[in-house]
Amino acid sequence: MPAQLSKFSFEAPCMDYAHPWTDSCVSATVGLGLHSLQESFRIYTTVYIIAFLMRRKIPTKENIKKTILGILQSTAFLSWSGFSYSLFICLLRRILGRFYMPTVSFLPSFLSSLSAIVIERASRRTLLCLYVSNIATETLFRMGVWRGYFSPIPRGEVYIFAVSVAVLLYFYRSKTNKEDQIYKILRMIVGRHEETEYRIDKNPHSETSSRDTATSDARSDRNIRRSSPRHKFNILWKSFEAYKYIINSLKAQSKDASCPHPYSCAYYILANSAKIFSYGVCGQIVLKIILQFKKLLQKPKLLKSTIFQKENLNLAVFLGGFAGFYRLVSCILRRIFHQDSHIYAIPAGLIASVTFMAYPNSTIALYFMWKTLQLLWNNSVENEQVPEIKWFVILLYCFSTALLFHTAILEPQNLRSSYWKFLYNMSGGRIAVMSRIPLNVFGLETSKNLQEVLRKTKTTDQITFSF
């Protein structure tokens with residue numbers, strides 16, 4: 001529980017708080033700006049190149065040009081954020097004559113974010129807003145818990161995810177215009193057969209004949225087995241035959257006429273769930289190998305233990321289980337009522353969300369929550385239920401970023417460790433070296449909490465700078 005607020009302002013020169021390593025505001029601002037420029041270029045070069053390679057297309061001159069321009073534009077946006085943050089801290093102090101709690105970090109960060117976001121491409125602003133709003137929401141919750149305003153809710157992230165994904169799946173099944181990136185994620189997990197477009201455009205003849213096709217496939221496979229005696233004792237071939245037989249048997253099972261998917265419900269549920277499960281396992285293993293690449297190069301023997309970890313199944317259980325339960329509940333409802341409806345997405349999504357307990361993650365839950373709020377707002381604007389606020393995304397981004405910078409300076413113990421490390425790397429450690437001793441007058445035990453954060457994140461405030 002924090003101490004009560006004792007003061008609202010303090011009088012001190014900039015070097016006693018903002019840049020104790022130099023007495024020049026210009027030198028401190030240029031130093032932070034140059035380091036931010038270097039780190040921003042490294043980050044966005046990596047991000048854009050990975051995105052470029054994931055397209056899996058032969059690059060054209062136009063693609064290469066757009067990628068280079070995108071790297072430079074995003075680098076300018078992020079590096080200006082760092083440069084202008086230091087600039088506004090010193091500028092506000094000179095104008096007001098002293099430091100006030102809002103001008104220590106919140107207001108300088110808000111102004112720097114506002115001046116920087118207009119540099120970034122308009123298409124990326126919503127994505128950036130969602131990212132910082134996600135972390136800011138978690139930070140606000142931590143600040144409330146630290147102050148004793150409320151207590152953490154056990155498995156609260158599961159409840160948030162369940163409600164959010166149920167709404168998103170309702171939109172996925174009912175709306176025809178689905179350009180948002182979140183719908184691509186849902187399409188991969190729950191399948192394209194649940195989309196409105198598929199139900200409208202599907203070929204009834206091909207759907208009703210799927211069972212006959214599967215049955216004929218099973219017969220042809222049996223004929224192949226009889227006409228291939230040379231493979232009778234081949235284990236690999238017999239395993240393949242058994243697999244094909246099981247698959248074709250599943251395809252030949254029954255399904256309700258209202259089900260939009262081809263083949264049987266059993267095949268639709270099990271086969272697709274297994275595929276998503278395999279994606280989850282492979283994705284988790286690849287991610288761990290990438291994150292531990294340097295360590296694996298030094299100790300290759302760790303590769304086996306990295307791959308065969310029980311934790312590698314958590315994401316796969318969540319994704320595969322979610323896909324399976326969603327399809328299962330949807331097919332059961334279609335069989336009971338003998339008709340298809342986008343309303344089924346709500347109970348199916350809520351029940352399938354139970355699998356999120358296998359991989360509880362506040363970042364994922366809050367991302368889905370903010371995407372839900374965004375799409376609900378956009379839908380209300382389209383239906384003219386609420387007015388459109390053109391600068392809402394920019395203002396929300398600026399407020400969220402300002403809150404995170406305020407927390408990093410005054411209440412670092414309430415900031416997510418990963419974001420603290422991001423600010424630490426972007427500033428070259430300056431975020432830790434900024435003196436918290438003058439800030440103790442606010443009664444938040446800032447300098448004490450900073451030392452705990454440095455110990456927890458394995459960062460240090462013992463750094464010297466040339467400027």
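The protein exposes about 25,600 Å² of surface, of which carbon and sulfur atoms supply 64%. These values, like those that follow, were computed from a predicted model. The fold comprises 22 helices and 2 strands, and buried residues account for 45% of the 467 residues in the protein. Among contacts between residues at least 6 apart in sequence, 73% join residues that are at least 24 apart.

The charged side chains were examined next. Side chains of opposite charge can pair when their charged atoms come close, and the structure holds 13 salt bridges. One of these is formed by Glu138 and Arg416, whose closest N and O atoms are 2.4 Å apart. This pair links distant parts of the chain, since Glu138 belongs to helix 6 (residues 122-146), whereas Arg416 lies in the loop between helix 19 (392-410) and helix 20 (417-426), 278 residues apart. With a relative accessible area of 12%, Glu138 falls under the 20% limit and is therefore buried; Arg416, at 14%, is buried because its value is also under that limit.

The loop between helix 19 and helix 20 contributes to another salt bridge, as Glu411 lies there while its partner Arg147 is placed in the loop between helix 6 and helix 7 (156-174). The side chains of Glu411 and Arg147 meet with an N to O distance of 2.6 Å, and because these residues are in those two loops, the pair ties together parts that are 264 residues apart in sequence. Both Glu411 and Arg147 are buried.

A salt bridge within a single helix is provided by Glu452 and Arg455, for which the closest N and O atoms are 2.5 Å apart. Because the two residues are 3 residues apart in helix 22 (residues 446-457), Glu452 and Arg455 are separated by about one helical turn. Glu452 is partly exposed, with a relative accessibility of 41%, while Arg455, at 56%, is exposed. Besides these pairs, Arg173, Glu194, Arg334 and Asp340 are linked in a network of salt bridges.

On the surface, a patch of positive charge is formed where Lys295, Lys299, Lys421 and Lys458 gather. Of these residues, Lys299 is located in the loop between helix 14 (293-298) and helix 15 (302-307). The relative accessibility of Lys299 is 54%, so that this residue counts as exposed, the limit being over 50%.

A nonpolar patch of about 550 Å² is also present on the surface, made by Phe325, Leu328, Ile332, Ile336, Phe337 and Ile351. Helix 16 (residues 312-337) gives the most to this nonpolar patch, with 5 residues. Ile351, by contrast, is placed in helix 17 (residues 345-352). The relative accessible area of Ile351 is 41%, and this residue is therefore partly exposed, its value lying between the limits of 20% and 50%.

Notes. Residues numbered from 1 in each chain as written. Predicted model: local features only at pLDDT ≥ 70, side-chain atom pairs only at ≥ 80, totals over all residues. Heavy atoms only, no water. Salt bridge = Lys/Arg side-chain N within 4 Å of Asp/Glu carboxyl O. Helix = DSSP H or I, 4+ residues; strand = E, 2+ residues; numbered from the N terminus. Buried < 20%, exposed > 50% of the residue type's maximum accessible area, 1.4 Å probe, protein only. Patch = residues over 30% accessible without salt bridge, like charges linked within 9 Å, V, L, I, M, F, W, Y side chains within 5 Å. Areas by Shrake-Rupley, 256 points an atom, 1.4 Å probe, with all protein chains shown as cover. Lys, Arg positive; Asp, Glu negative; His and termini not counted. Charge placed at Lys NZ, Arg CZ, Asp CG, Glu CD. Contact = heavy atoms within 4.5 Å.
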